[in-house]
Structures are given as structure tokens and as C-alpha cells.
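Here are my notes on this one, point by point. Have the structure open while you go through them.

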Amino acid sequence: MAFAELLDQVGSQGRFQVLQTVALLVPIIGVTTHSMLENFSGAVPNHHCWVPLLDKSTAQASVPRTLSSEALLTISIPPGPNQEPHQCRRFRHPQWQLLDPNATSANWSEAATEPCVDGWVYNRSTFTSTIVTQWDLVCDSQALKPMAQYIYMAGILVGAAVCGHTSDRFGRRLVLTWSYLQLAMVGTAAGFAPTFPVYCLLRFLVAFAVAGILMNTAMLLMEWMSEAGRPLVMTLNSLGFSFGQVLMAAVAYGVRDWAMLQLTVSAPFFLSFVYSWWLAESARWLLITGRVAQGLQELQRVADINRKWAVGEALTTEVLLSAMQEELSMGQAPASVGTLLRMPGLRQRTCLSVLCWFAFGFTFYGLALDLALGSNVFLLQVLIGVVDIPAKTGTLLLLSHLGRRHTQALSLVLAGVCILANTVVPHEMEALRSALAVLGLSGVGAVFTCITIYSGELFPTVLR
């Protein structure tokens, strides 16, 4: 390819690529924390109805002080399905007869209970505050908690569609810079959300920005790297998500309040916004879209950073036009979704890529966003990230020996087998279920590494 030759001349694996790659991968680690955030900020702690007898400030004087808190709980809250205190109902009046050691469930009736009309009391031993405790997303309102995650995923979907189009029109770096700023501002504002609907709206906008960062980071990494170096740099990009998983657990372990956690993972993107102005726009995109002067400027800048001053001085507009004549003529035809569907070869690639991306996204988020609070959620989050690292590193080795298609198929099968096996394991065997889930996620991580490399190689720049 003509551009590949130009890139080799100015340096396709030099100091510029190292600096740009580091600058692009650091925010990827932070982006992952936003995707995993509600494993912690949306955790559902144990809870039961608030009752006056259990509140020392409102307890009646006639209540014997010799009664323990467990005894007061017994006469105030009916047992739930698992014989733990019911999370959504309370007794209308204290059931003193239940203090009798011989008392059974026959000693009270459903009619003696009522919903939690005065709110709930939450176990704050793990988290001091979550969005669940902030807005009482339990019992009749428990469906609102997953709704927040649905809205976040919808933001990813809409953001991918919009940012893909805008980056083709206005450039990768400009959209990436705006996405950094949007994530920093909206993510910070989410920590001060006064109501749950406002929080959901802000999370939608956060996800929109996350999609813009993910897409444009991948494109800038690939379009400034030689073909030989792309598998390595995209594997590093994939590993950024693994390190983000570990970072999320560490930050959440130290910050147990949801609002402070939201601020902690959002504020660093202001720094990303500031230094993103230094990042180079994709010269390949600039040249294909006819911005030859800007493309020349970026290539000369790269040559200077890579200390190839003679090559930079020799580059002129005429040299670029001559070398890029074939690609420039290809870029004149407008690209759209219709282009992918009209040509049989591209249509087949598109359909298969979409299926692979769907399999990855559906499986990854289905597993990674379902960490149970009953287990050690911090350790489980760390394990997901740590197990991912050797899986993705091994994928890089397999790609060079087995090729793209076989590695892709093998990783999909591994993930599928682990997930299917998990469906027949009893819920009581939590350790085995967690192990299968983590192993399945490592397979999904391998899928992600392979598909990001493979997809970038299957489609030309104007359609990427």
C-alpha cells in the first residue's frame, strides 16, 4: 500500500508510536472503570424495613431494654423466603408472641404485615452508600437498578453509531478529544445527580462518550502503526481493559461511597482532554479525505519525533499526491452502510464481524456486570482482570501461529463451553460457578483481542 510505504519512511514503529500509544492506552484503563462502575456503585446490600423499635432515637420507653437487637428484629420483621429478615415487609405491630422459643410461622399471618412505608435500613458494612441506598431501588423499585445499566448500554450503542460517522467526517482526534471532555464533565456531574432519572441521563451521556473513546482510540492506534506492529498494539489496547478491571476493584475498595467513586473515576479525564491536543490526527484519514496539506504536516511531525529529519524535509505535497494517487481516488467515492451491503465480499465480512462482536458484547457484559455482593466482589473483579492478561497475551502468540480465523473460532468455543457448563452447575456451588465464569471471561477476552485486530484488517480505512 502506498501509505504504508510513506509511514515506513517517516517511522512506523518509532518513538512517536510509543508516545502516542501510551497516551491513548492510559485513558482506556479509565474507560473500563466506567463500564464496571455499577458493580460497586449499584451494589444491593442486605436491607429490611425501618421500624421504630429498631431505631434507638424513636424506640418506645415501654420496650424492655434487656431485649437484644436480634429479638427486636424478630418481633418487627417477618422472616423472608430464606428465613432471613424479610427485605420488603414488616409487621404492623410488634409480634411479642414470636419471642416464645416454640413459636412458628403459624403464630403470625400475612395480614399482620405491611410494605416498608417508612423506608429501609441498609447494611453498610461493605459500601457506605450506593445508588440503591441513595434512591431506595429495592422491592417495588428494584427493576430500576438494572434499568440504569440498560440505559448505559443504550448510550454505548447510540454513541458508536454517531461517533463512527462523526469521526469519518471531522477526524479521529477531534472526536476523541471531545469524548474525553464529555466523559470528564458528565461523569463528574453524575456524582451530584439529585434524582435517579437525572443520574440515568448522565450515565447515558457517559456511555456515549465511552463509545467515542473506544472507537477512535482503536482507529488511531491502527492507522499510525505498520501492519506488522498492529497485532501487538491492539493486544496492548485489549490489555488496557484488563488492567482497568483491576484498577476498578482497587479504587472501589478504597472509596466505598458511590458519589465519591463516580468523581474519582471521572476527574482524570480532564487531564486526558488537555494532553489529547498533542495527539496526531490520522494522516491516512487526512490524505484519503483530501486534506493533503494537513496530512503532510502530520507526517513531517512524525518524522521529526522519530528523528528522521531528512525524510521529513523531502516530503512535499507533490510527493504525497504521487504516492497516494490510487488511495486518493478510492477515497473520492462516498462510504456508507450501503457500501458494506452492496458488495458481496464486504457484505459477508460485515455480517460475520457483527455476529462476532455481538457474541463478545452479549457474553462479556452479561458475565462481568453480574458480580454478586454475597461473594467478595472486589476479589472477583480483580480475578476477572488478572485471568484476562495471560489469555490475551496467549492470543497474540496464537495469532501468529494459527492465524486470525482459527484463533477467533477457538476463543469463541472456549467461552461458549464455559458458559454452557455454568448453566448446569447448581447455584449452591458458588466457587465452581465463579471459576467457570472467570474462565469464560478469559475466552471472551481472547475473542476481543482477536476481533479488534481482525476487523481492522478486513475493512479499508474509508469504511473502518
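1. Let's start with Thr452, bearing in mind throughout that this is a predicted model. Thr452 sits in helix α20, which runs over residues 430–458. Is Thr452 buried or exposed? Its relative accessibility comes out at 10%, and since the cut-off for buried is under 20%, it goes down as buried.

2. What does the side chain of Thr452 reach? It gets to the backbone oxygen of Phe448, at 3.0 Å. Setting aside neighbours within four places in sequence, the contacts of Thr452 are with Met222, Met234 and Trp357. There is also Pro231 to look at: 221 residues separate it from Thr452 along the chain, yet the two C-alpha atoms are 9.0 Å apart.

3. Two of those Thr452 contacts, Met222 and Met234, lead straight to a helix pair. Met222 belongs to α7 and Met234 to α8, and both take part in the contact between these helices. Helix α7 covers residues 196–223 and helix α8 covers residues 230–254. Two packed helices are described by the angle between their axes and by how far apart those axes are. Here the angle is about 155 degrees and the axes are 9 Å apart. Angles over 145 degrees count as roughly antiparallel, so that is the label for α7 and α8. The crossing of α7 and α8 is right-handed. On the α7 side, the contact is made by Leu214, Thr217, Ala218, Leu221 and Met222, while α8 brings in Arg230, Val233, Met234, Asn237 and Phe241.

4. Next, Glu298, which you will find in helix α12 (residues 292–305). This glutamate is buried, with a relative accessible area of 14%. Which backbone atom lies 3.4 Å from a polar atom of the Glu298 side chain? That would be the backbone nitrogen of Glu281. Glu281 also turns up in the contact list of Glu298, along with Trp224, Ala280, Ala283 and Leu286, once neighbours within four places in sequence are left aside.

5. Now the cysteines. How many disulfides does a search of the whole structure find? The search turns up 2. With the bonded cysteines of the protein chain numbered in sequence order, they pair as 1-3, 2-4.

6. One disulfide joins Cys49 and Cys116, with the sulfur atoms 1.7 Å apart. The link is left-handed, at -60 degrees about the S-S bond. Cys49 lies in strand β1 (residues 47–49) and Cys116 in the loop between β3 (113–115) and β4 (120–122), so the disulfide ties together parts 67 residues apart in sequence. Both Cys49 and Cys116 are buried.

7. The other disulfide is between Cys88 and Cys139, and its sulfur atoms are 2.0 Å apart. The torsion about this S-S bond is about -100 degrees, so the Cys88 and Cys139 link is left-handed. It connects distant parts of the chain, 51 residues apart: Cys88 is in the loop between α3 (69–76) and β2 (89–91), and Cys139 is in the loop between α4 (131–135) and α5 (144–170). As for accessibility, Cys88 is partly exposed at 26%, whereas Cys139 is buried at 12%.

8. Stay in the loop between α4 and α5 for a look at the backbone. Most residues other than glycine have a negative phi. Cys139, in that loop, has a positive phi of about 55 degrees despite not being a glycine. Asp136 is in the loop between α4 and α5 as well. Asp136 is not a glycine either, and has a positive phi of about 50 degrees. With a relative accessible area of 27%, Asp136 is partly exposed.

9. Last, two more cysteines. Which cysteine sulfur is closest to that of Cys450? It is the sulfur of Cys356, but at 8.3 Å that is too far for a bond; the cut-off for a disulfide is within 2.5 Å. Cys450 is buried, at 0% relative accessibility. Cys351, by contrast, is partly exposed, with a relative accessible area of 43%.

Terms used:
Residues numbered from 1 in each chain as written. Predicted model: local features only at pLDDT ≥ 70, side-chain atom pairs only at ≥ 80, totals over all residues. Heavy atoms only, no water. Helix = DSSP H or I, 4+ residues; strand = E, 2+ residues; numbered from the N terminus. Buried < 20%, exposed > 50% of the residue type's maximum accessible area, 1.4 Å probe, protein only. Contact = heavy atoms within 4.5 Å. Polar contact = N/O pair within 3.5 Å; in protein donor to acceptor, adjacent residues only side chain to side chain. Axes fitted to C-alpha atoms, helices over the stretch in contact; angles between N-to-C directions. Parallel < 35°, antiparallel > 145°, perpendicular 65-115°, else oblique. Left-handed = near helix turned anticlockwise from the far one by under 90°.
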